[in-house]
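I opened this entry to look up how the strands are arranged and how confident the prediction is. My notes follow the structure.

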Amino acid sequence: MAHHRAPLISHHKDGSECPPSHKHTTSGKPLHPDCPGRHHFESVCTCGAWKLSGGVKTHVNDERKRHLATHRATELAEGPVMLRGLLRLDAS
């Protein structure tokens, strides 16, 4: 079973990634002298079928968590079927 990931990445207005070393205040103002500020947030799932970009971090993060939960539900549903196949004993 593959575990899917969808990291939440901050971007500057020019599209470049805002690294974690660029700290911000709780209101979003940059504390790093070279940071122009975060413009938008993006998350792309490793499944290849889901991507979201937006200006509100909590919205993108909530949708990211919601999408990843669909993968976990599928993995949990498939898990017992896989185990039954592995643990089946032939009575012959």
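I count two strands as paired if DSSP finds at least two bridges between them. The model I examined is predicted.

Pairing. I looked up strands S2 and S3, residues 40-44 and 51-54, and found four bridges joining them in the antiparallel sense. Within this pair, I traced Glu 42 to its bridge partner in S3, Ser 53.

Turn. I then followed the chain between the two strands: S2 and S3 make a hairpin, with six residues separating them. In that turn I noted Gly 48, whose phi is positive at about 85°.

Sheet. I next placed the hairpin in its sheet, which is open, has three strands in the order S1-S2-S3, and pairs in the antiparallel sense. S1 (8-11) and S3 are the edge strands with a single partner strand each, so each has one side without a neighbour in the sheet. For the turn between neighbouring strands, I recorded an average of 20°, direction ignored.

Confidence. I finally checked pLDDT: the protein averages 86, and 79% of the residues score at least 70. Which element has the lowest confidence, and which the highest? Helix H1 (residues 57-87) is lowest at a mean of 80, whereas S2 is highest at 97.

Methods:
Residues are numbered from 1 along each chain as its sequence is written. This is a predicted model: local features need pLDDT of at least 70, side-chain atom pairs count only at pLDDT 80 or more; totals for chains, interfaces and linings use all residues. Side-chain values use heavy atoms; hydrogens and water are left out. Axes are lines fitted to C-alpha atoms, for helices over the stretch in contact, and angles run from 0 to 180 degrees between N-to-C directions. pLDDT is the predictor's confidence in each residue, from 0 to 100.
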